[in-house]
Every structure is written in structure tokens, then in C-alpha cells.
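Here are my notes for someone coming to this structure fresh. Keep the sequence and the 3D view open while you read, and take the points in order.

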Amino acid sequence: MGIGSKGRRLALLAGIAVCVLGTSAAEAAGKHKIFLSMSFIGNDWQAEAANMVKAMASHKSMADKVDLQVQVAGPNAQRQIQQINAMVQAGAEAIVIFPISPTALNQVVKNACDKGVKVFAYDAEITEPCAYNVHIDQEEAGRVTAEWLVKKLNGKGNIIAVTGVPGTSVDDLRTKAAKEVFAKHPDIKIVGEAVGMWSQAVARTELSKILATRSWDDINGLWMQVGCFTANSMQLEAGKTTSELLPCAGEGSNGGRIQMLPEGTEVEGATSPYAPLGASRISYASPPYSGALALKLAVEALEGKDVAKKTILPLPVVTNETIKLCDEGTWAEMKAGCNAFKPSLVSNPGWFASIFSDQTPEIGLAAALVGQPEE
């Protein structure tokens, strides 16, 4: 990372190669110098998004154009500000960034823009007007999932809410929109709320704390930015049957989507709880390809092409009625509509399945798993 051995160890633990994609300074000559600035990395989504950015940079259409370097700030806006300043001083032409705050980076981003640097934020937003933003409509995500849960519960019941990483525009907007929906239904009660950090492991810890003072029998549904897979697993561990699993509005993790498949569906590599359970779900996601698309758009901007300041991605929403298992996980198969992957292909249930976009044929399953582009 160029910021000390401690930072390098942090990045390596996250499975993120901190390197220049090129073996020598001579080879890098003539390439666009682009930095990837990541914030929080303690979840599956961030590591997957980084894999897809690296895969885009190494695709045959990009490899001769892009000299990519990666830095990780952690959930610390001040550190991210310092790193962005250093990137500009190091000659960055573009910075692709997951911002820890929508506003705290505004001044450093404006300074970068003033020096001719293109700044592209992915998934989370930067409000500085010179920045480019690539993301879903996060308020729509919160609203649609909350409305689904209210409908499932017929407008009445006790729910648990597990939010994301505090301070990010993603978490703020989703949570605000969902609570506005719940507030319209006075018989919907949020009886437990926790910060989940978009992590299955953190979701388990926080749900365990809530369940220390109440039982699953006291709860009627869950709204979770990440953690439906874990919540279903915990209910089974508590002796609930598959037919008793609570409806959960939550993330697009592959484990959660496999659980949505009709119980008894034969799926290669499936073992409970990472198995078809017929679980009642709506599954959405900030697609992890957003960073890779931001990189692609940054290169287009550097080449003088007209790029919109805001790119709103379609919200990937999957329900029990629309879940479709991929056979091999090819790009063509995803284009045809599959949206969940066999455990034999994806061993980590927390891995996010919404990886397909017509705009990014350069990247697919191998990109999301191990950072390798399509041929």
C-alpha cells in the first residue's frame, strides 16, 4: 500500500493485492495512473468489489491502458483524505473510490479535481459536484425491501433491523427510506436494532445480543442490510423448522439466495444451512461490479469521452418467484437471467451474487471470485 507494513498486512488479510498491475516502470509508461481507494474492508462485498476492479484493469482491453494501485483506508475518513492527497501528489490521473462519507471528502476531492484528476465514487456517494458517482438508488433499495416485508407481515408484527456501515451514504439512505416505510404502519414495531457493518459475522454477533433478551418466537420478520443467511442459519440452530423461518428482507449474498430455492431442490455442493430451504426472502444488492464499471468509465473520461456525472445502476431484486440457479456461472448464462450460484462454484455463502451487467462484459464469475477477467 505504500503506507507501512501494518497497512500492507491489512490489505493482504482482505485478499486484496496491493500492487501496480505491471511488472516494471517501463511497462507502466504511457498508461493511465489510476488509484483505487477503499474504505472499510471487513466484509465480503468490499473484497469482491476490489477483485472486480482488478479484473477490469487486467482485461486485455484495459491492460495496456491502466496502471492501477490500491490503497485501503479502513473506516476512517481522515485517513482516506490523507491517502487521496498522497495519490494526487504521486501523479494520479484518476481515483476510483469507495468513500467512507458522502461529505467529509469533498474538499480533498475538489482539490484533486482542480489538479485535473478524475474522481469516480462507486456504490457510496460523494456530494462534491466535480466527482462522478456510480451506484444504485439506495433509497429505492431501502423502500422496496421494507415494503416487501410489510406486505409479508400484513402490516403487523415485531421486526429486527440490522443496518450497515454508519456514516456511509449507502447505510444512511437505505435505513432512512426503510424506516419511513415502517413509520407508515404503526402496527410494525422495530423491537431490536443493531449495526451490522455489512458482515455476516457481525450480524451473528448482534443478533445473538438481541436474542439474549427475547426469543425468535417474539419476532415476526427481519430487515437486514446483510445477514439474512445468518439469521436463517441461527433459527435452524435454535430448533426452528424450515417452514417456520421468518421472512427476511436483505442482501444479495449467495447463501441467502440458495436458501430461497424450493426445499428439496438438488444443488451441487449444498449442505444445510447453505442449501435450498424455501426461505421467504427478497434479496437485493449494491452490485459489486460498480467499482469495475467506475474504472471503465474513468478510462473513458481520460480518453476524452463524454461520461455522465451520475450513473444510476438498476437495482437487482430477486424474490422466491424470480430466483434462478446458474448451472456453470458463465457470463452468457447470467445474461439469460440466472442469479444464484451452486455452493460447488462459490464456497463462501456470504459472497454477493449480483455480479452481472451488460455494461461490463469484461468481468464475470472468475473476476468476482479471484480477480480474473473474462477472455
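1. Let's start with helix α8, residues 200-211. At 1.5 Å a residue, its twelve residues should span 16 Å, and the end C-alpha atoms are indeed 16 Å apart, so expectation and model agree. Bear in mind as you look that this is a predicted model.

2. Which residues of α8 are buried? They are Q200, A203, E206, L207 and I210. Looking down the axis of α8, you'll find these buried residues within an arc of 125 degrees, so they line one face of the helix. The spacing makes sense once you recall some helix geometry: an α-helix has 3.6 residues a turn, so residues three or four places apart point the same way. Turn to the other side of α8 and you meet A201 and K209, which are exposed.

3. Now move along to helix α11, residues 290-302. Here 13 residues should span 18 Å at 1.5 Å a residue, and with the end C-alpha atoms 18 Å apart, that agrees too. How many of the 13 residues of α11 are buried? Eleven are, so the helix is largely enclosed by the rest of the structure. The buried set is S290, G291, A292, L293, A294, L295, K296, L297, A298, V299 and A301. Note that a lysine, K296, is on that list. After α11 comes G304, which has a positive phi, near 90 degrees.

4. On to the cysteines. The model has three disulfides. As a reminder, a disulfide is a covalent bond between the sulfur atoms of two cysteines. If you count the bonded cysteines along the chain, the pairing pattern is 1-2, 3-4, 5-6. The next three points go through the pairs one by one.

5. C113 and C130 make up one pair, with 2.1 Å between their sulfur atoms. C113 sits in helix α5 (residues 106-114), while C130 is in the loop between β4 (118-122) and β5 (132-136), so the bond ties together parts that are 17 residues apart in sequence. Is this disulfide right-handed or left-handed? The torsion about the S-S bond of C113 and C130 is about 80 degrees, so the link is right-handed. Burial is worth a closer look here, given a cut-off of under 20% relative accessible area. C113 comes in at 19%, so it counts as buried, and C130 is buried as well at 18%.

6. C228 and C248 form another disulfide, their sulfur atoms 1.9 Å apart. This pair links distant parts of the chain: C228 belongs to helix α9 (residues 228-237) and C248 to strand β9 (residues 248-250), 20 residues apart. The torsion about the S-S bond of C228 and C248 is about -80 degrees, so this disulfide is left-handed. Both C228 and C248 are buried.

7. The remaining pair to cover is C326 and C338, with sulfur atoms 2.0 Å apart. Distant parts of the chain are linked here too: C326 is in the loop between β12 (317-319) and α12 (331-335), and C338 in the loop between α12 and α13 (365-370), twelve residues apart. With 90 degrees about the S-S bond, the link of C326 and C338 is right-handed. C326 has 1% relative accessibility, so it counts as buried, and C338 is buried at 8%.

8. C338 turns up again at the largest pocket, which holds about 320 Å³ of space. Of the 18 residues lining this pocket, the closest to its centre are P316, C338, N339, S354 and F356. By class, the lining of the pocket has twelve nonpolar, four polar and two charged residues.

9. What about enclosed space? There is one cavity of 30 Å³ or more, and its volume is about 100 Å³. Of the 13 residues that line this cavity, W45, R174, W198, S286 and F352 are the closest to its centre. The cavity lining divides into seven nonpolar, three polar and three charged residues.

10. One last spot to check is V134 in strand β5. V134 is buried, with a relative accessible area of 1%. From V134 to A285 is 151 residues in sequence and 14 Å in space, C-alpha to C-alpha.

Notes
Residues numbered from 1 in each chain as written. Predicted model: local features only at pLDDT ≥ 70, side-chain atom pairs only at ≥ 80, totals over all residues. Heavy atoms only, no water. 1 Å grid on protein atoms, 1.4 Å probe; cavity = no way out; pocket = protein on both sides within 12 Å on 5 of 7 lines; lining within 4 Å. Points joined across faces, edges and corners; volume = space filled by probe spheres on them. Nonpolar A, V, L, I, M, F, W, Y, C, P; charged D, E, K, R; others polar. Disulfide = S-S within 2.5 Å. Helix = DSSP H or I, 4+ residues; strand = E, 2+ residues; numbered from the N terminus. Buried < 20%, exposed > 50% of the residue type's maximum accessible area, 1.4 Å probe, protein only. Expected span 1.5 Å × (residues − 1). Arc of directions from axis to C-beta.
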